[in-house]
Every structure is written in structure tokens, then in C-alpha cells.
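Thanks for coming, everyone. I have one structure to show today. Let me put it on the screen.

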Amino acid sequence: MLSIVTLISGRGSNFEAIVKIAQKERWPVKFTGVIANHSAAQGLDFARSQGIPTFVIEHRDHVTRESFDAALIAQIDKLGADLVVLAGFMRILTPHFIRHFEGRLMNIHPALLPAFPGLHTHERALEAGIKEHGATVHFVTEGVDEGPIICQASVPVLEGDDAGSLAARVLAAEHQIYPRAVKWFLDGRLRIEGNQVKLQPPESQLFKL
Ligand code: GRF
């Protein structure tokens, strides 16, 4: 049975969506741990309610990013992760960390990358006046919000949207695509070829929601 370790910093709703679908569809997977970088991350409560082991590695206890990441790597390796899922983990990871988990480290970003990397994506999307926004699941490489794209979901930007309403529409889409991407990985259907992710057998990697 494959093992997933999830890293969170906050609400953890993507993590929750993945766990719930895994339970409903009876995926042969074990959620071996959830790690947060501070104890107030609300997603820890859901993990505890499901009997999933939780760990807090306070980034503030570490003077350098390298030492924080070394502690994370040690914990994740101890848990034996086949896949590391970043679900709203708000720390920039070192190249060493990223290389260590290369090809088995996924992230979700609330925009249609490469548009709007970084923070405040919904505000920036509204400012730019775009008519379609969305979310991207990707393998993590060394650049921030870069890396081979596994799948994307697009949602319309509607008349009268504010950052809150747009964020809610995108989040609902995130909850649909992140579990799909994780399942594709677990089923061995993803091949990274350069900056492309090929899905075998092929199926649309774009969801219009
Ligand atoms: C999501 O919007 C995700 O795309 C971004 O951080 C947010 C995390 O939300 N990386 P949650 O903690 O999964 O509810």
C-alpha cells in the first residue's frame, strides 16, 4: 500500500477533500502523516479526527531554512512517503528538499499557471480583467509555483465577482482536481517528460468547471 504524507499550514481543505475521496473510493493508500509548520494549522484537527498521525515542526524553531527543511525531510522519510502532497503549505522549500522528493512532490496553486504565480492570485486575476481563472496541480521543481503541470481546472470570472467569491469558486475546483491528480499518481499513470506530464492512458488534463 502506498503512503502519502501531507504538508499544511492552514485550513487544510484540500487535504480533507483528498482524504474523503480516498475513503469513499476505497483507494489502497495510507495517509501516514500530516505535518504542519505551526500548531495553529486548523487542518490538524481534521487529521486527528481521522486518526491520521499529526506532526508539528515549527519553522520558527529553526534559524535557517536548511535546518527546517532537514527536520521536515527526516520526518517525512521516517513516515516512508511515496508521495508528498503540499496542500496550502506556505513555506518556500529549499532546492535540497525539492531534489530529495523529486517526482513525488505535488502542489496545488490557485491560478492557471504560468499566470499569477505567488500570492493574492484572485485579486490579481480580477485586476487583470481576465475572464477565466482556475487552479493548477503540478510537480514541484525549484522555482516557486513552477514545475510540470499535472492538471488544471478553469472556472469563469463572473460579473460582480470579488476576491472572496472568486476564491470560493476556485477552491471548489481545487477540491475536485487535487484528488484526481493524486489518484493518477497512485495508479502509476503519470510520466514526467521534460516539462510535460503525460497521463497514460490519455485523458483530459484540463477540467472546465
Ligand atoms: C489553496 O487555495 C491552495 O491552492 C493554496 O493554498 C490554499 C490552501 O487551502 N496553495 P487549504 O488549506 O487546502 O484549505
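**Pocket, helix pair and backbone details**

P201 is found in the loop between β9, residues 196–199, and β10, residues 206–208. Keep that loop on the screen for a second. A cis peptide bond joins Q200 to P201. Omega there is about -10°. One reminder before I go on: this is a predicted model.

There is another cis bond to look at. It joins L113 and P114, with omega of about 10°. And where is P114? P114 sits in the loop between β5 and α5.

Stay with that loop. H120 is there too, between β5 and α5. Its phi is near 55°. That is a positive value, and H120 is not a glycine.

Now step into α5. Two packed helices are described by the angle between their axes and the distance between the axes. Here the pair is α5, residues 121–128, and α6, residues 163–186. They pack at an angle of about 115°, and their axes are 9 Å apart. So α5 is roughly perpendicular to α6. The range for that label is 65 to 115 degrees. As for handedness, α5 and α6 make a right-handed crossing.

Which residues meet? From α5 we have H122, E123, A125 and L126. Facing them in α6 are A163, L166, A167 and V170. By class, this contact of α5 with α6 has six nonpolar residues, one polar and one charged.

Next, the largest pocket. What is its volume? For the largest pocket, the figure is about 1000 Å³. Its lining takes in 36 residues. Look for G88, F89, M90, P110 and L119, because I want you to find the middle: of the lining residues, these lie nearest the centre of the pocket. Several elements contribute to the wall. Those giving two or more residues to the lining of the largest pocket are α1, residues 13–24, β5, residues 105–109, α5 and α6. Which element gives the largest share? That is α6, with four residues.

And the chemistry of that lining? The residues of the lining divide into 15 nonpolar, 14 polar and seven charged.

To tie this together, go back to the helix pair. Both α5 and α6 are among the elements that give two or more residues to the pocket lining. The same two helices pack against each other at about 115°. And the loop between β5 and α5 holds P114, as well as H120.

That's my tour. Happy to take questions.

Key: Residues are numbered from 1 along each chain as its sequence is written. This is a predicted model: local features need pLDDT of at least 70, side-chain atom pairs count only at pLDDT 80 or more; totals for chains, interfaces and linings use all residues. Side-chain values use heavy atoms; hydrogens and water are left out. Axes are lines fitted to C-alpha atoms, for helices over the stretch in contact, and angles run from 0 to 180 degrees between N-to-C directions. Angles under 35 degrees count as roughly parallel, over 145 as roughly antiparallel, 65 to 115 as roughly perpendicular and the rest as oblique. A crossing is left-handed if the near helix is turned anticlockwise from the far one by less than a right angle, and right-handed if clockwise. Contact means heavy atoms within 4.5 Å. Ala, Val, Leu, Ile, Met, Phe, Trp, Tyr, Cys and Pro count as nonpolar, Asp, Glu, Lys and Arg as charged, and the others, Gly among them, as polar. On a 1 Å grid over the protein atoms alone, a cavity is a set of points where a 1.4 Å probe fits but cannot get out, and a pocket is an open set with protein on both sides within 12 Å along at least five of seven lines; lining residues have an atom within 4 Å of a point. Grid points are joined across faces, edges and corners, and a volume is the space filled by probe spheres set on the points.
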